[in-house]
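Please open the structure in your viewer and keep the selection tool at hand. The stops below say what to select at each step and what is to be found there.

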Amino acid sequence: MLALLVAQNIAFYIIAALMVFGALRVVTCKNLMHAALWLVLVLAGVAAQYILLAAEFVAITQVLVYLGAIIVLFLFGIMLTRTKTGTDDNLNNSAGARRMAALIGVLLAGVMGYSLWDGFGKREFGELTVQRTAEVSDSIFSTYLLPFEVISILLLAALIGAIVLARRD
Amino acid sequence: MLVNQFLFLGAILFCIGVYGVLARRNAVLVLMSIELILNSVNINLVAFGAMWHVTDPSNLSGQVFALFVIAIAAAEVGVGLAIVLLIHRNRQSIDINDVDLMKG
């Protein structure tokens, strides 16, 4: 049991380090296409963290929806809006604005880090049991049935809206 | 594993996403940073869901909410990229500093 816990911790820290590095590359990279590919690393890392949290169904959905669909949408968006290939120097705001943004990010991290440490401290998960897909579907189709239907309508509206917006007429 | 490991990871990714939204001027990159933010929130939701699942096995709200957020993120990216394409078609540029028609 202890060995498993150590293995989980090592996996967590390796994946987390990769994710943070990938996220930093997404927001600093000079090449649009590379930024999208670094985003793939971050999203795959998120799926791996879900598996560490024993949330199988969300992990699979993450891979299907994000890695499968959203990344392809982003690549389409990059290719359709790019004027020339290669690096582009007007991807970023001015240096002053970027310094301000970094300051805001660091301040936000400080405040959130303090409050998380204050609120949860060294609280452990305990025995994580697999959260089965059948239980997730039971929950969606009983307690959360109304929000589920609303989400369906929202997706339909977004689909029609995207078609109307992007259509040439 | 500590609950805080996952919460701190979510917080760090959120801050990186906020930096990306503020520091980038390419609309597609801003959308990617928004995806980072939504994913960090999802990590938090699933971590809290796992935390409550240990004490109350019938409670799966965290995962259900994460699934809802994923669905909304998909809708948001679809509409967002359609808007970006439209801006590109009308202005031949997706620099969000140029989209200032409503600025007073």
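Begin by selecting residues 144-166 of chain A, a span that is 96% helix and 0% strand, and whose end C-alpha atoms lie 33 Å apart in this predicted model. Next select residues 100-117 of chain A, where the chain is 100% helix and 0% strand, with 26 Å between the end C-alpha atoms.

Both spans appear in the UniProt record, an unreviewed entry, which lists them under "transmembrane region" together with residues 6-28, 35-53 and 59-80 of chain A; colouring these five stretches gives a view of what the record annotates.

Now colour chain A by domain, taking residues 1-83 as domain 1, residues 94-122 as domain 2 and residues 132-169 as domain 3. If you place a marker at the centre of domain 1 of chain A and another at the centre of domain 2 of chain A, both taken over C-alpha atoms, 22 Å separate them.

Then move to chain B, in which there are three helices and zero strands, so ordered along the sequence that the pattern reads α-α-α. With the whole of chain B selected, the C-alpha atoms fill a box of roughly 55 × 25 × 25 Å along the principal axes. How does the radius of gyration of chain B stand beside that of a compact globule of 104 residues? Chain B has 17 Å, whereas such a globule would have a value near 13 Å.

Finally, stay with chain B and look at its packing: of its 104 residues, 54% count as buried, and among contacts between residues at least 6 apart in sequence, 49% join residues at least 24 apart.

Definitions and conventions. Residues numbered from 1 in each chain as written. Chains lettered and ligands numbered in written order. Predicted model: local features only at pLDDT ≥ 70, side-chain atom pairs only at ≥ 80, totals over all residues. Helix = DSSP H or I, 4+ residues; strand = E, 2+ residues; numbered from the N terminus. Rg over C-alpha atoms; globule rule 2.2 N^0.38 Å. Buried ≥ 20, exposed ≤ 12 C-beta atoms within 10 Å, placed from the backbone. Contact = placed C-beta atoms within 7 Å. UniProt positions renumbered as here; feature names shortened; annotations may be inferred. Domains from an automatic or database assignment.
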